[in-house]
Every structure is written in structure tokens, then in C-alpha cells.
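Me: Could you walk me through this model, one question at a time?

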Amino acid sequence: MKKAKRNAILWFLLFALVVAGGVYAVIEGLGKERTGRAKDIPLGLDLQGGVSVTYEIAEKDATDEEINATIDKLQRRVDNYSPDAEVYKQGKDRITVEIPLDTSKYDPNEILDSLGRPGKLEFIDQTNYDLFSKGEEYEAALSGSDVKTAEGGRITDTSGADEYVVHLQFTDEGGQKFADITGANVGSPLYILYDNQVVSSPVVREQINGGSAQIDGMDDYEEASDLANTIKIGALPLTLTELSSQVVGAKLGSDALRTSLMAGLIGLILIFLLMTVVFRFPGFLSAVALSIYTVLMLFFLNALHITLTLPGIAGIILSIGMAVDANVIIFTRIKEEIGLGKSVKTAIKSGFNKALSAIIDGNVTTIIAGVVLLIMGTGTVKGFARTLILGIVLSMITALLITRFLLYVFSTLGVTSPKLYGAAKQAKVKKFSKAFPVAAVFSLVVILTGIAFVFVNKNISSRGNTLNYSLEFSGGTSTTVTFNEPKTLVQAETEVAPVIAEAAGVDVGTIQIQIVDNTNQIVFKTANLDEKTRNIVSDSLKSNFDLTDDKIDSENISSTISKETQRDAILAVVIASILMLIYIAFRFSDTRFGVAAVIALIHDVMFVFFAYSVLYLNVGGTFIACMLTIVGYSINSTIIIFDRIRENLKEMSVDKVGYDGIVDTSISQTVSRNIYTNLTTFVMVLMLYILGVSSLKEFTFTLMVGVVAGTYSSICMTGPLWLFLRKHIGAKKAAEK
């Protein structure tokens with residue numbers, strides 16, 4: 001026993017040293033690059049500002065289809081620099097790109113140079129290259145429009161060494177052209193020209209069919225990535241010429257991150273207190289584990305160069321909820337085992353074993369959603385997915401390893417009094433299944449009301465909108481004002497925005513503001529204004545701020561969230577839902593579990609939609625982030641109910657209590673866990689709502705609606721819904737067995 005205690009002390013001291021090292025890394029960073037330093041976490045354009053560059057379309061007869069394709073491909077390309085960059089149409093023949101950038105650490109000109117000017121990309125053989133070298137006319141076999149995409153990558157050759165390559169994917173027509181030119185030039189180089197400069201000259205080894213190819217011979221990944229980016233530039237359907245570039249301020253204000261972090265800190269402290277009060281000593285240890293989770297999150301956000309944005313913060317909030325949830329599941333199980341008369345040490349071991357399947361299933365289903373969104377999403381969606389996946393992985397590490405380690409150490413050292421852990425009483429079984437019809441009717445009324453208000457809004461809205469679409473979805477008017485003296489963001493919000501709102505007849509809260517650094521310029525983005533209204537706004541600005549005509553410039557801008565982005569986000573959610581359904585059906589050996597889980601997921605999303613529709617809340621980029629958060633959060637609560645049903649199906653007699661009794665017992669046993677978990681998440685979001693900047697209010701409000709909806713559905717809907725499906729789908733086959 002003495003040896004076990006001595007070992008426990010040594011392991012704890014080692015653990016404390018590692019934690020101290022992690023805290024140091026977050027504060028000061030590691031090595032010359034200061035890896036892991038929280039201060040250097042890259043921030044998105046909405047939190048810190050960045051670079052804005054405007055291009056002019058060279059082709060005068062460009063079609064809408066070509067422009068939209070150019071915007072979409074350029075968006076996918078700038079994702080290499082930041083997943084949160086935005087691309088949108090401005091006026092009739094301009095495209096603007098906004099890239100998050102810490103201008104105190106990076107030279108904007110270098111970024112703009114690397115972004116480059118989309119020019120001419122050509123593939124030519126040796127014969128035409130000889131003509132090109134002499135300055136004579138030549139004929140290109142392929143152009144940039146024949147290239148669908150290009151990605152830098154790394155492969156392992158036959159000797160086991162790393163080799164850096166560029167993967168090319170051609171259009172259908174381009175693939176045939178590429179097959180023809182490679183078939184005719186086996187053993188000879190194929191020259192890739194960008195703006196009349198040779199950027200690569202790979203030797204053709206064999207005819208390449210199938211519409212894809214690989215360029216090798218790069219010295220490192222950076223070279224491969226640069227070549228891929230260059231090829232992507234030329235893949236744009238239209239030629240773009242840079243008109244202007246500028247450094248812009250944060251969309252959410254300079255103190256948005258500070259107040260968000262303060263709200264997060266207060267929320268964590270309240271969660272720590274709640275966990276300690278409810279779960280006693282294990283709750284206190286979970287506070288330690290969650291503190292370590294926070295340190296790990298900050299370290300890896302920097303180390304993995306994950307850009308933090310508002311949707312990214314949503315992903316972190318969700319992962320914190322998952323981290324708390326895992327601890328709640330474990331501690332609830334431990335209390336149940338102690339309540340059955342087991343010793344603390346035995347209860348800890350048994351509690352972890354029984355909680356393991358629910359934690360793994362809940363986290364895996366959420367990771368499935370995150371991976372699909374990361375692969376298929378762009379911009380905002382990718383930012384959310386990155387932090388979500390990182391947070392889920394870290395939450396599993398802290399719950400299953402760190403919390404377990406701490407409980408092992410202290411129980412070995414003699415902290416084994418049942419009073420410090422608590423003992424759960426046998427749950428009083430309530431008839432949740434009988435209340436299902438009432439709950440179903442209530443949910444149906446809420447969902448139908450939300451849908452009905454879509455048509456109501458269309459009739460009463462001044463612009464005929466079904467929802468209150470923000471600039472990200474609907475586009476609008478950008479008004480750039482050059483004031484006679486510099487103005488702060490606060491002055492722009494309190495002095496200028498109300499003047500524009502009154503003149504334009506729009507809600508002042510819908511106006512987006514960007515400060516152009518080191519100038520007197522401020523950009524105000526509003527809903528789309530006709531020429532008459534734009535003149536009224538201009539006259540009002542001139543009279544209120546003593547400006548002349550040349551100091552005010554207005555242009556219509558397209559949505560920053562393109563139709564392609566919206567389509568990809570919806571498709572990603574659909575695919576993620578199908579994959580989650582398959583996983584749940586496989587893990588629970590019953591497709592009805594998967595179907596019920598997806599229905600419950602849709603139910604919670606529609607409750608949030610109800611809030612957006614009935615309250616006519618602003619539908620912008622955060623709308624996607626909010627819906628994705630609910631998708632990830634809702635499925636976890638459902639898994640907990642289903643895990644307990646699965647367990648009770650094995651331990652309880654169906655002949656005695658029936659499936660109704662099993663469902664009612666399972667919900668009753670997990671109802672406190674659902675309340676505690678959702679309460680901790682609600683507290684975190686509530687702090688952001690109370691202390692966060694005004695632009696976060698609607699976002700956090702709808703998240704709270706989603707949390708409440710998830711709590712309601714997990715208790716009143718998911719179990720009874722599975723029971724309903726079991727009685728009406730496959731019931732005869734089940735009875736025969």
C-alpha cells in the first residue's frame with residue numbers, strides 16, 4: 001500500500017510538472033517560433049481585421065455564370081491563406097477579397113503579392129515552347145479554364161522517403177486535352193506557363209487518362225503548395241486586375257474578443273462551482289481537468305494555426321459542453337455505483353467502464369459531422385469545423401484520461417469517503433412515454449408556426465423577404481466615407497451609423513462597419529439601397545459631417561455567402577446526418593435508433609428556425625454557425641438516452657415492464673444528467689449574451705434557444721420517438737423472433 005501511495009504521489013508530481021509546462025507554453029510559447037502562445041492565436045477578419053483587395057473584371061462581356069464561378073473558385077483558393085476569407089461581387093464588374101491578417105506581425109503587401117493577380121495559365125509542349133522562346137506565335141494545349149482544382153500534397157515513395165507533389169484535377173474537356181498532349185509527348189517536358197513565365201516543366205512519363213494528374217519533383221511542401229496556388233489562379237474563368245487594396249479593422253470591434261474571453265472565463269468559473277456543488281470532490285477534479293482542457297485548446301489553436309472567428313468560438317462552446325457532458329456522465333455513473341453499495345474505488349472503475357460507450361458514441365457522431373463539414377464546407381463552415389473537431393478530441397482526452405488519472409491518484413491516496421462522492425438514489429420512474437403525444441403536438445405547433453411565419457414575413461416585409469437576411473446572404477450597398485478627421489469604431493457606431501440608418505430607413509443594428517486602418521475612411525454596409533436612397537444618405541452625411549461629394553462613394557455588393565457556399569453547407573449537413581444515422585444504427589444494432597436521432601436533430605434545428613422566423617432575427621453568417629452548433633450538440637444528448645435504453649434492454653425484463661417501461665426508466669435515470677449538462681452549456685452561452693458585444697446578442701440568444709430545445713427533446717422526444725418507431729416499424733418481425 002505504501003508503494004502504491006508513493007507511486008501515486010510521483011505520478012501526480014510528474015503530472016503537475018507537465019501541466020506547468022503547458023501553462024508556460026500558452027503564456028510564453030515554445031522555441032524560437034513561440035509555438036502554442038495564446039497571444040499569437042490567429043484571428044479572423046471579424047475579430048481583428050485584415051487586408052481587403054478589390055479586383056476589376058477585364059472581360060467586358062462577362063456573364064453572371066462566369067462571375068459567380070470566378071467568385072466561387074477564388075473563395076476556395078483564398079481558403080489556403082485563411083479559411084475565413086470572404087469573396088464577393090462589388091458593383092457590376094468588381095470582386096472584393098477580404099483576408100484576416102494581423103498587420104502588426106505580417107506585411108500586407110507580402111500577402112497581396114502571394115495572393116497575386118489572377119492571370120493567364122497555359123500548358124504547352126516542347127514544339128510550342130520553342131516558338132514561345134523565340135517570341136513567335138504558339139498554340140497552348142490547355143488553359144486555366146481546363147483546370148478544375150490543384151492541391152499541394154505529400155506522398156511516400158517506394159523507399160519510404162517523403163515526396164512533395166501537386167495533385168491536378170481537370171474538367172471533362174480538359175481531361176481529354178491533357179490525355180492527348182501527354183500521349184503525344186511521352187519522354188518530353190510539358191511546360192506550364194503563368195503570365196508568360198515558366199512555373200513548372202514536368203517530364204511526361206506516360207499518357208495520363210482519367211482527368212487527374214500529379215506533378216512531382218518539389219523540394220518541400222511550401223513549394224508544392226505555391227505551385228498549386230499558382231495553377232489555381234489561372235483556373236479562374238475571368239481575368240482580374242487589382243484596383244486597390246487596404247487594411248481594414250475588425251467587424252466586431254476591437255474589444256469583441258476581450259469581452260468574449262471574459263464571458264468565457266466567468267462562465268467556466270460558474271461551471272466549476274456548479275460541478276463542485278453537484279458532484280462534490282469529483283466535480284472539483286473536473287474543474288481541474290477543464291482548466292487543463294482550456295490550456296490545451298489555447299495551445300493547439302496556435303500550434304495548428306487555426307484561425308479563430310465567431311463561428312470558431314461557437315465550436316469551442318460546443319466542445320466545452322461536450323467536455324462537461326463527459327464528466328457528468330462519468331460522475332453520475334459513479335454515484336449510481338456507490339448507491340448500489342460498492343466501494344469508491346470499485347465505483348470509479350465501474351463508473352468509467354459503463355460511461356465509456358456513451359461518451360465514445362456521442363463524440364464520434366459529433367466528429368463525423370465535423371469532418372464532413374471540414375471537407376465540404378468553405379469559409380465560415382470550415383472555421384467552425386476545425387475548432388469543433390479539435391475541441392471534441394481534447395474533451396475526450398481530458399474526460400477519459402486526465403479526470404480518470406486524477407480520480408485514481410486521490411483514491412489511491414485515501415480520498416475514498418463516499419460522502420465526498422455522493423450516492424445516487426434509485427430514480428423514480430415517470431411515465432414519459434405517455435406524455436409523448438402531448439409533446440409531439442406541442443413540437444408540431446412550434447415547427448409549423450415557424451414555417452408559417454416565413455409566408456407572413458414575406459407579406460409584411462418592406463423588401464418581401466421570407467427571413468431577415470443580412471448582407472452576407474442578400475448583398476447590399478457599401479458606402480465608403482472619408483471623414484475630415486479620424487473616427488473610432490465607437491464613434492462610427494454611435495455618431496455616423498444612426499445618421500445612415502435614418503436616411504436609408506434601415507435598422508441601425510443591421511449596418512456593418514469597417515475601419516480602414518491608417519486612414520480617415522470607414523466602410524458602412526447596409527441593405528441594398530436604390531439610387532434615390534443612396535443620394536439621400538449621401539446628402540445626410542454631407543450635411544452632418546461637413547463632407548463633399550468626392551468623400552462619399554457607394555456601390556452595390558453581392559452576398560459574401562455565395563449560393564455555392566449555402567449549397568455546400570446544406571449538403572454537408574445532409575451527408576453528416578446520413579452518416580450519423582448509419583453509425584448509430586450500426587452501434588445500436590437497430591436502424592430505428594438512427595432514424596429517431598436524425599428526426600430529433602431536425603426537431604431541434606426547427607426550434608431554432610422558429611426563433612429566427614417568428615422574431616425576425618438577423619440571418620447572417622452566424623446563422624450557419626448556430627445551426628451547425630445545434631446539429632452537433634443535439635445528437636450528443638440523444639446518444640445518452642439511447643445508450644441507457646440499450647443497456648436496460650439487456651438488464652431489464654421486457655416481459656415484465658414492457659418497452660414502455662424500459663424507455664421510461666432510461667429517461668428517468670438520465671434526466672438529471674441532461675439537465676446538468678445543458679445547464680452548464682446554457683450558463684456559458686448566457687455569459688456571452690450578457691457580457692459580449694452587441695453583435696453577438698442574436699447569435700448567443702439563438703444558441704440558448706437551441707440548448708433549451710435540445711434539453712426538451714432529449715427528455716420528452718427521443719426515447720418515446722424510438723418507442724413509437726419500434727411499435728410501428730418492424731414490430732411483427734420482432735414479435736416473431
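Here are some questions and answers about the chain and some of its parts.

Me: Before we start, what kind of model is this, and how are residues numbered?
Reply: This is a predicted model, in which local features need pLDDT of at least 70, side-chain atom pairs count only at pLDDT 80 or more, and totals for chains, interfaces and linings use all residues. Side-chain values use heavy atoms, with hydrogens and water left out, and residues are numbered along each chain as its sequence is written, from 1.

Me: Thanks! Which helix has the lowest confidence in the chain?
Reply: Confidence is given as pLDDT, the predictor's score for each residue from 0 to 100. The chain averages 82, and 88% of the residues score at least 70. Helix α5 (residues 126–133) has the highest confidence, at 92, while the lowest, at a mean of 49, belongs to helix α22 (residues 731–736).

Me: How many contacts beyond four places in sequence does the model have for residues 733–737?
Reply: A contact means heavy atoms within 4.5 Å. Over residues 733–737 pLDDT stays under 50. For that stretch, the number of contacts beyond four places in sequence is one.

Me: How much of the chain counts as buried?
Reply: Buried means under 20% relative accessible area, exposed means over 50%, and partly exposed lies in between (1.4 Å probe, protein chains only). The chain has 22 helices and 17 strands; these are DSSP runs numbered from the N terminus, helices being H or I with at least four residues and strands E with at least two. Of its 737 residues, the buried share is 53%.

Me: Which strand is in the middle of the open sheet made of three strands?
Reply: Two strands pair if DSSP finds at least two bridges between them. β6 (147–156) and β10 (212–218) stand at the edges with a single partner strand each, so one side of each has no neighbour in the sheet. Neighbouring strands here are turned by 25° against each other on average, direction ignored, with axes taken as lines fitted to C-alpha atoms (for helices over the stretch in contact) and angles between N-to-C directions running from 0 to 180 degrees. The pairing is antiparallel and the order is β6-β7-β10, which puts in the middle β7.

Me: Which residue in β7 stands opposite alanine 150?
Reply: β6 and β7 (residues 162–170) run antiparallel and are joined by nine bridges. Opposite alanine 150, in β7, stands leucine 168.

Me: Which residue in the turn between β8 and β9 has a positive phi?
Reply: β8 (residues 191–194) and β9 (residues 197–200) pair in the antiparallel sense over three bridges. Tyrosine 194 has glutamine 197 as its bridge partner in β9, and isoleucine 192 stands opposite serine 200. The two strands form a hairpin with two residues between them, and the turn residue with a positive phi, about 50°, is aspartate 195.

Me: Is β8 covered on both faces or on one, and what is its bridge partner for isoleucine 124?
Reply: Both faces of β8 are covered, since Tyr191 and Leu193 on one side and Ile192 and Tyr194 on the other are all buried. Strand β4 (residues 121–124) also pairs with β8 in the antiparallel sense, over four bridges. The partner of isoleucine 124 in β8 is tyrosine 191.

Me: How far apart in sequence are the parts tied together by aspartate 361 and arginine 646?
Reply: These residues form a salt bridge, with closest N and O atoms 3.1 Å apart; the term means a side-chain nitrogen of Lys or Arg within 4 Å of a carboxyl oxygen of Asp or Glu. Aspartate 361 is buried at 0% relative accessible area, and arginine 646 also counts as buried, at 15%. Aspartate 361 lies in helix α10 (residues 344–376) and arginine 646 in helix α18, so the sequence separation of the parts they tie together is 285 residues.

Me: What is the N to O distance between aspartate 643 and arginine 646?
Reply: Both residues lie in helix α18, three residues apart, about one turn of the helix. Aspartate 643 is buried, and so is arginine 646. Their side chains meet in a salt bridge with an N to O distance of 2.7 Å.

Me: Which helix holds lysine 727, the salt-bridge partner of aspartate 660?
Reply: The closest N and O atoms of this pair are 3.1 Å apart. Aspartate 660 is partly exposed at 28% relative accessibility, and lysine 727 is partly exposed at 44%. Aspartate 660 lies in helix α19 (residues 654–691), so the pair ties together parts 67 residues apart in sequence, with lysine 727 in helix α21 (residues 718–728).
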